[in-house]
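Biologist: I'd like a close look at one part of this model, with some context around it. Could you take me through it once it's on the screen?

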Amino acid sequence: MALAAWAVGDQYRMLISLGRRDLGDEAIRATLALAREEATATVRRGQDEGVFADHVPAPVLALPLDALMLAPAAENAASTWADPAGEAAATAVLVAAGVAPQVAALRVREVLRESEGYERRSDVRRFAASARSH
């Protein structure tokens with residue numbers, strides 16, 4: 001989830017910032033309710049499987065993880081620090097959830113490699129489809 005959010009985070013970060021200013025925090029919370037429910041369900045699954053820390057309930061743990069995803073995105077956009085693929089940010093979210101740092105870093109790299117392979121396969125499929133139509 002952190003890697004997926006990272007890919008579009010800069011655009012949404014700006015929209016959330018404008019929304020907070022124009023609509024207020026309550027409206028933003030209501031708008032993001034479904035995403036937060038999904039994040040809470042993911043944390044709960046991780047806790048049930050023994051992957052994430054369970055010293056606090058899933059809804060409580062999901063809140064700082066959400067903030068932890070937004071803070072590096074803001075810093076990535078505003079400073080010279082760069083995390084183009086979101087690898088460091090996603091690893092930080094997993095570590096904060098209770099995953100050992102080495103395990104978190106390895107898993108994030110695996111997911112990034114898998115997504116790169118998927119993107120390449122999707123590009124090949126699109127190219128093949130367009131070549132057939134010409």
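Biologist: Let's pick glutamine 47: is it buried or exposed, and what is its relative accessible area? Please start there, then work outwards to the rest of the protein.

Modeller: Sure, and bear in mind that this is a predicted model. Glutamine 47 is buried, because its relative accessible area is 13% and the cut-off for buried is under 20%. You'll find glutamine 47 in helix H3, which spans 33-48. If you skip the neighbours within four places in sequence, glutamine 47 is in contact with Phe52, Ala53, Asp54, Val56, Pro57, Ala58 and Leu61. Two of those names can be placed in helix H4, which covers 58-78: Ala58 and Leu61.

Phe52 is a handy link to the next thing. The largest nonpolar core has 15 residues, and Phe52 is among the members that touch the most others, along with Leu3, Val43, Leu65, Ala90 and Val108. The elements that give two or more residues to this core are H1, H4, H5 and H6, with H4 providing the largest share, 4 residues.

Leu3 is worth following from there. Leaving out residues up to four places away in sequence, leucine 3 touches Ala85, Gly86, Glu87, Ala90, Val108, Val111 and Leu112. Ala90 and Val108 turn up in that list, and both are also among the core residues that touch the most other members.

Now for H5, which runs 87-97. Its buried residues are Ala89, Ala90, Thr91, Val93 and Ala97. Just a reminder on helices in general: there are 3.6 residues a turn, so residues three or four places apart point the same way. Threonine 91 sits in this helix and counts as buried because its relative accessibility is 15%, with the line drawn at under 20%. Away from its neighbours within four places in sequence, threonine 91 is in contact with Pro101, Ala104, Ala105 and Val108. Helix H6 takes in 101-133, and leucine 106 belongs to it as well. Leucine 106 is partly exposed, because its relative accessibility of 42% falls between the 20% and 50% limits. From threonine 91 to leucine 106 is 15 residues in sequence and 8.7 Å in space, C-alpha to C-alpha. After H5 comes glycine 98, with a positive phi near 115°.

Then there's the empty space. The largest pocket has a volume of about 1,300 Å³. Its lining has 45 residues, and those nearest the centre are Met1, Ala2, Leu3, Ala5 and Met69. So much for the middle; H1, H3, H4, H5 and H6 are the elements that give two or more residues to the lining, and H1 supplies the largest share, 10 residues. By type, the lining residues divide into 34 nonpolar, 5 polar and 6 charged. Leu3 shows up both beside the centre of that pocket and among the core residues touching the most other members.

Stepping back to the whole protein, there are 6 helices and 0 strands, so from the N terminus the order reads α-α-α-α-α-α. Of the 134 residues, 25% are buried. Among contacts between residues at least 6 apart in sequence, 51% join residues at least 24 apart. The accessible surface comes to about 9,000 Å², and carbon and sulfur atoms account for 61% of that. Back where we began, then: glutamine 47 is one of the buried residues.

Methods. Residues numbered from 1 in each chain as written. Predicted model: local features only at pLDDT ≥ 70, side-chain atom pairs only at ≥ 80, totals over all residues. Heavy atoms only, no water. 1 Å grid on protein atoms, 1.4 Å probe; cavity = no way out; pocket = protein on both sides within 12 Å on 5 of 7 lines; lining within 4 Å. Points joined across faces, edges and corners; volume = space filled by probe spheres on them. Nonpolar A, V, L, I, M, F, W, Y, C, P; charged D, E, K, R; others polar. Buried < 20%, exposed > 50% of the residue type's maximum accessible area, 1.4 Å probe, protein only. Contact = heavy atoms within 4.5 Å. Areas by Shrake-Rupley, 256 points an atom, 1.4 Å probe, with all protein chains shown as cover. Core = buried A, V, L, I, M, F, W, Y, C linked by side-chain atoms within 4.5 Å.
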